[in-house]
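This report describes a single chain, moving from its overall fold to individual residues and the contacts that they make.

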Amino acid sequence: MINLFIIVLIFIIFFGIIFYIFNFNHLLIILLGLEYLLLILSLIFFFYLIIFIKQYILLLIFFIFCISERVLGLTILIIIVRFYGNDYLKSLIILQC
């Protein structure tokens, strides 16, 4: 049962990485891909803590870092949209040259 669960999680992570690699036009899509990967990683971390370690404070620290990453990503997205008017990554590279 647990082996099947691990195989399914690896399959889901693989599709998350594929989604993250091939969808890089908008900053918002990249942030959503990162959130998907963090969700799956937190699920793996949660089950690992339940089975082996049984210390849930590590999960709380991990969630604090995840929330900090989310806030930082949304702040950068808001700043880029206000300065440049869109979140296309290809147009941001052209504006810097």
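Burial is judged here by relative accessible area: a residue is buried under 20%, exposed over 50%, and partly exposed in between. By that scale Phe-24, with a relative accessible area of 45%, is partly exposed because its value falls between the two limits. The coordinates to which such values refer belong to a predicted model.

**Confidence and overall fold**

The mean pLDDT of the chain is 80, and 90% of its residues reach 70 or more. Confidence is not spread evenly, since its lowest mean, 62, belongs to helix H4 (residues 89-96), whereas the highest, 85, belongs to helix H3 (residues 57-84). The chain has four helices and zero strands, and its pattern, followed along the sequence, reads α-α-α-α. Of the 97 residues in the chain, 21% are buried. When contacts between residues at least 6 apart in sequence are considered, 55% of them join residues at least 24 apart.

**The pairing of H2 and H3**

The axes of H2 and H3 come within 11 Å and cross at roughly 180°. An angle over 145 degrees counts as roughly antiparallel, and H2 and H3 are therefore roughly antiparallel to each other. On the H2 side, the residues that make this contact include Leu-27, Leu-28, Leu-31, Leu-34, Leu-38, Phe-45 and Phe-46, together with Glu-35 and Ser-42. On the H3 side, the contributors include Leu-58, Leu-59, Phe-62, Phe-63, Cys-66 and Gly-73, as well as Glu-69 and Arg-70.

**Glu-35 and Arg-70**

How many salt bridges does the structure hold? There is one salt bridge in the structure, and it is formed by Glu-35 with Arg-70, whose closest N and O atoms are 2.3 Å apart. Because Glu-35 lies in helix H2 and Arg-70 in helix H3, the pair ties together parts that are 35 residues apart in sequence. The side chains of these two residues, Glu-35 and Arg-70, are also joined by a polar contact of 2.3 Å. Once neighbours within four places in sequence are left aside, Glu-35 is in contact with Glu-69 and Arg-70. Arg-70 itself counts as partly exposed, at 32% relative accessibility.

**Ser-42 in the same helix pair**

Ser-42 is found in helix H2, and its relative accessible area of 9% means that this residue is buried. A polar atom of the Ser-42 side chain lies 2.7 Å from the backbone oxygen of Leu-39. Apart from its neighbours within four places in sequence, Ser-42 is in contact with Leu-59, Phe-62 and Phe-63, and these three residues are listed among those of H3 that contact H2.

**Around H1 and the loop that follows**

Ile-21 is found in helix H1, while Phe-24 has its place in the loop between helix H1 (2-22) and H2. Ile-21 is partly exposed, with a relative accessible area of 46%. Its C-alpha atom is separated by 9.1 Å from that of Gly-33, a residue 12 places away along the chain. For Phe-24, the partner considered is Tyr-88, which stands 64 residues away in sequence and 8.8 Å away in space, C-alpha to C-alpha.

The accessibility values discussed above are gathered here.

| Residue | Relative accessible area | Class |
|---|---|---|
| Ser-42 | 9% | buried |
| Arg-70 | 32% | partly exposed |
| Phe-24 | 45% | partly exposed |
| Ile-21 | 46% | partly exposed |

How values were computed:
Residues are numbered from 1 along each chain as its sequence is written. Side-chain values use heavy atoms; hydrogens and water are left out. pLDDT is the predictor's confidence in each residue, from 0 to 100. Helices (H or I, at least four residues) and strands (E, at least two) are DSSP runs, numbered from the N terminus. A polar contact is a pair of N or O atoms within 3.5 Å; within protein, one must be able to donate a hydrogen and the other to accept it, and residues adjacent in sequence count only if both atoms are side-chain atoms. Contact means heavy atoms within 4.5 Å. A salt bridge is a side-chain nitrogen of Lys or Arg within 4 Å of a carboxyl oxygen of Asp or Glu. Buried means under 20% relative accessible area, exposed over 50%, partly exposed in between (1.4 Å probe, protein chains only). Axes are lines fitted to C-alpha atoms, for helices over the stretch in contact, and angles run from 0 to 180 degrees between N-to-C directions. Angles under 35 degrees count as roughly parallel, over 145 as roughly antiparallel, 65 to 115 as roughly perpendicular and the rest as oblique.
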